[in-house]
Amino acid sequence: MPTAGAGRALEQLAATDPAVAPLARLQAVALDAAADPSWERSLPASLGPRAEAGAPRLHGARLVVDSDRLRALFVQLVAALDAAGHPDSARLRQLFAAPGFDPPASLRASLVHDVPALEDMAARVAATPGVLVVVAQAAALPLLVACGRRAAATLDGRWTLGYCPVCAAWPTLAEVRGLARELVLRCGRCGTGWPCEHRRCPFCGHREQHSQRYFAAAHERETRRAITCSRCHGYLKVLATLEPLAPSEILLRDLESLELDVTALEHGYRRPEGLGWSLALTVESAPPPRGWLRWRG
Ligand SMILES: [Zn+2]
Ligand SMILES: [Zn+2]
């Protein structure tokens with residue numbers, strides 16, 4: 001199964017590369033959780049096209065999650081950070097165990113990329129501001145992958161915008177796929193793939209008139225490169241693939257190609273912050289099961 005395989009590969013990567021170990025361990029835990037099909041129960045019945053032009057499928061959605069299960073996932077994630085020797089793990093464990101911690105609110109903040117809300121929560125336990133952003137991203141992964149799976153059947157290939165048609169994230173990477181060398185943007189949050197014209201920047205829409213500049217290791221030019229935009233100074237990693245990458249493989253290949261990010265950043269190129277669309281959505285806590293209510297009564 002691709003998820004389990006890539007999860008193991010992420011753990012192996014964590015064992016050999018200390019620079020990416022905390023993130024790889026978090027993603028491996030999140031991918032394990034994503035293999036549980038019951039995340040589908042949190043989704044609205046339909047994730048079809050939205051009426052508003054440019055709105056991704058999650059815009060306006062009402063998600064209903066099992067709050068205890070989500071809290072358990074946050075606790076599992078912090079255990080993974082602990083195993084990686086992260087200095088903030090004890091503070092985060094304290095935060096997730098506190099009665100005031102609201103798992104659905106944290107999930108919502110991650111889905112809509114409300115970084116200040118997550119930083120405020122981290123500040124309550126004096127944790128490094130950015131650490132909860134990363135942990136909450138991992139906690140949102142199982143639900144987002146379920147969204148991507150459900151929406152996939154309703155995507156028709158006509159989405160021409162640069163951000164993800166399901167969750168509004170900017171593409172994590174692009175695939176140049178198969179012999180046809182079709183360019184497909186891939187979302188690292190929900191796994192969705194959508195087509196893009198060659199030489200067109202997904203971030204600002206600029207079309208390069210001539211060949212596109214790129215960075216690549218000399219022996220990998222045809223298989224792995226970071227293409228750059230002369231207008232917005234964005235960059236995008238492009239990998240040659242034979243078949244569509246599984247969502248888990250997108251995360252793995254992203255972490256395995258960090259040297260391209262480093263090179264692009266050193267040369268003044270950046271990926272855009274935040275999402276491509278200002279998402280509005282609600283995340284509610286599912287009511288307790290009926291049996292529990294009867295027992296209480
Ligand atoms: Zn997405
Ligand atoms: Zn651009």
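Q: What is the order of the strands in the open sheet, and what is the pairing?
A: In this predicted model, six strands form an open sheet in the order β4-β3-β2-β7-β6-β5. The pairing is mixed.

Q: What makes β4 and β5 stand at the edges of the sheet?
A: Each of them has a single partner strand, so one side of β4 and one side of β5 (214–215) are left without a neighbour in the sheet.

Q: How do you know that β2 and β3 pair?
A: Pairing requires at least two bridges found by DSSP between the strands. Strand β2 (residues 173–177) and strand β3 (residues 182–186) have five bridges, in the antiparallel sense, so the requirement is met. At one position Val-176 is opposite Leu-183 in β3. The two strands form a hairpin with four residues between them, and Gly-178 in the turn has a positive phi of about 65°.

Q: How do you know that β3 and β4 pair?
A: Set against the cut-off of at least two bridges, β3 and strand β4 (residues 193–195) have three, again in the antiparallel sense, and therefore count as paired. Leu-185 stands opposite Trp-194 in β4, and Arg-186 has Gly-193 as its bridge partner. Six residues lie between the strands of this hairpin, and Gly-191 takes a positive phi near 85° there.

Q: Why is His-113 called buried rather than exposed?
A: A residue is buried when 20 or more other C-beta atoms lie within 10 Å of its own. His-113 has 20 such atoms, so it is called buried. His-113 is in the loop between α5 (103–111) and α6 (115–124).

Q: Which residues is His-113 in contact with, leaving aside its neighbours within four places in sequence?
A: They are Gly-274 and Leu-275; contact here means C-beta atoms within 7 Å. His-113 and Leu-279 are 166 residues apart in sequence, and their C-alpha atoms are 8.5 Å apart in space.

Q: How do you know that the length of helix α2 agrees with what its residues should span?
A: Helix α2 (residues 21–34) has 14 residues, and at 1.5 Å a residue these should span 20 Å. The rule multiplies 1.5 Å by one less than the number of residues. The end C-alpha atoms of α2 are 20 Å apart, which agrees.

Q: Why is α2 called largely enclosed by the rest of the structure?
A: Of its 14 residues, 13 are buried, so α2 is described as largely enclosed. Over the whole protein chain, 45% of the 297 residues count as buried.

Q: What makes up the side of domain 1 that touches domain 2?
A: The domain assignment gives domain 1 (2–45 + 54–154 + 279–296) and domain 2 (173–266). Between them, 18 residues of domain 1 are in contact with 13 residues of domain 2. The elements giving two or more residues to this side of domain 1 are α1 (2–16), α2 and α7 (129–152). The largest share, seven residues, comes from α1. The residues of this side divide into 14 nonpolar, four polar and no charged. The centres of the two domains, over C-alpha atoms, are 26 Å apart.

Q: How do you know that the radius of gyration of the protein chain agrees with that of a compact globule?
A: A compact globule of 297 residues would have a radius of gyration near 19 Å, and the protein chain has 19 Å, which agrees. The C-alpha trace spans about 70 × 45 × 35 Å along its principal axes.

Key: Residues numbered from 1 in each chain as written. Chains lettered and ligands numbered in written order. Predicted model: local features only at pLDDT ≥ 70, side-chain atom pairs only at ≥ 80, totals over all residues. Buried ≥ 20, exposed ≤ 12 C-beta atoms within 10 Å, placed from the backbone. Domains from an automatic or database assignment. Contact = placed C-beta atoms within 7 Å. Nonpolar A, V, L, I, M, F, W, Y, C, P; charged D, E, K, R; others polar. Rg over C-alpha atoms; globule rule 2.2 N^0.38 Å.
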